[in-house]
Amino acid sequence: MAEPTDAPTATRMLFLGDDSLADGFRLIGFETHPNPSLEQVDRIFLDLIRSRDRAFVIVDEQVMRFDAGNLQRVRAEGGRIVVVAVPTLAGPVRLSSEVADRLAAMFGSSNLMQ
């Protein structure tokens, strides 16, 4: 029986955000980028696009709000790079995503922050 020649590649797991969250993600095997700048975020996503790697990327709310063109491009395209936002450990929770915006419109934002 012939062996398949295209072995599946591993999915990269990355966390970009606050260093207090990065420690936990590092412990469970994520590649972490604590407190990245806008330029670093944009470069990381550009590298993922160019390398054609599959990736599961978790970002904190501050990073999700960055105006990083390549992050926005990945979110708009979907596919092999999945981006999920998590709230910060301190302060009010305000998730900025299409799903969070739709839920807030349906149920009111005060119901989502409990």
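This report walks through a predicted model of a protein, from its overall layout to its cores and aromatic rings.

## Layout and confidence

Let's start with the parts list: there are 6 helices and 4 strands in the protein. Read from the N terminus, they come in the order β-α-β-α-β-α-α-β-α-α.

How far can you trust it? The mean pLDDT is 81, with 73% of the residues at 70 or more. Confidence peaks in strand β2 (residues 31–34), at 95, and is lowest in helix α6 (residues 109–112), at a mean of 52.

## Inside and outside

The chain has 114 residues, and 28% of them are buried. On the outside, the accessible surface adds up to about 7500 Å², and carbon and sulfur atoms hold 56% of that.

As for how the chain meets itself, take the contacts with a separation of 6 or more: 61% of them join residues 24 or more positions apart.

## The largest nonpolar core

The largest nonpolar core has 18 residues, and the ones touching the most other members are L16, V41, F45, L48, V57, I81 and V83. Two or more residues each come from β1, α2 (38–51), β3 (55–60), α3 (61–65), α4 (69–77) and β4 (81–86). Helix α2 gives the largest share, 5 residues.

A second core sits apart from that one, with 6 residues that include F15, L21, F25 and I58.

Back to L48, one of the well-connected members of the largest core. Leaving out residues up to four places away in sequence, L48 touches R12, L14, D53, A55, V57, R80 and I81.

## Aromatic rings

The protein has 3 aromatic pairs. One of them is F15 with F25, a stacked pair whose centres are 4.5 Å apart and whose planes differ by 10 degrees. The two rings come from distant parts of the chain: F15 is in strand β1 (residues 12–17) and F25 is in helix α1 (residues 19–27), 10 residues apart. The pair counts as stacked because its planes are under 30 degrees apart.

Are these two phenylalanines buried or exposed? F15 is buried, at a relative accessible area of 0%. F25 shows 14% relative accessibility and counts as buried too, because the cut-off for buried is under 20%.

The rings don't stop at that pair, either: F15, F25, F30 and F56 are linked by ring pairs into a cluster. Two of its members, F15 and F25, are also among the residues of the 6-residue core.

Definitions and conventions. Residues numbered from 1 in each chain as written. Predicted model: local features only at pLDDT ≥ 70, side-chain atom pairs only at ≥ 80, totals over all residues. Heavy atoms only, no water. Buried < 20%, exposed > 50% of the residue type's maximum accessible area, 1.4 Å probe, protein only. Contact = heavy atoms within 4.5 Å. Areas by Shrake-Rupley, 256 points an atom, 1.4 Å probe, with all protein chains shown as cover. Phe/Tyr/Trp six-rings, centres within 6.5 Å; stacked < 30°, edge-to-face > 60°. pLDDT = per-residue confidence, 0-100. Core = buried A, V, L, I, M, F, W, Y, C linked by side-chain atoms within 4.5 Å.
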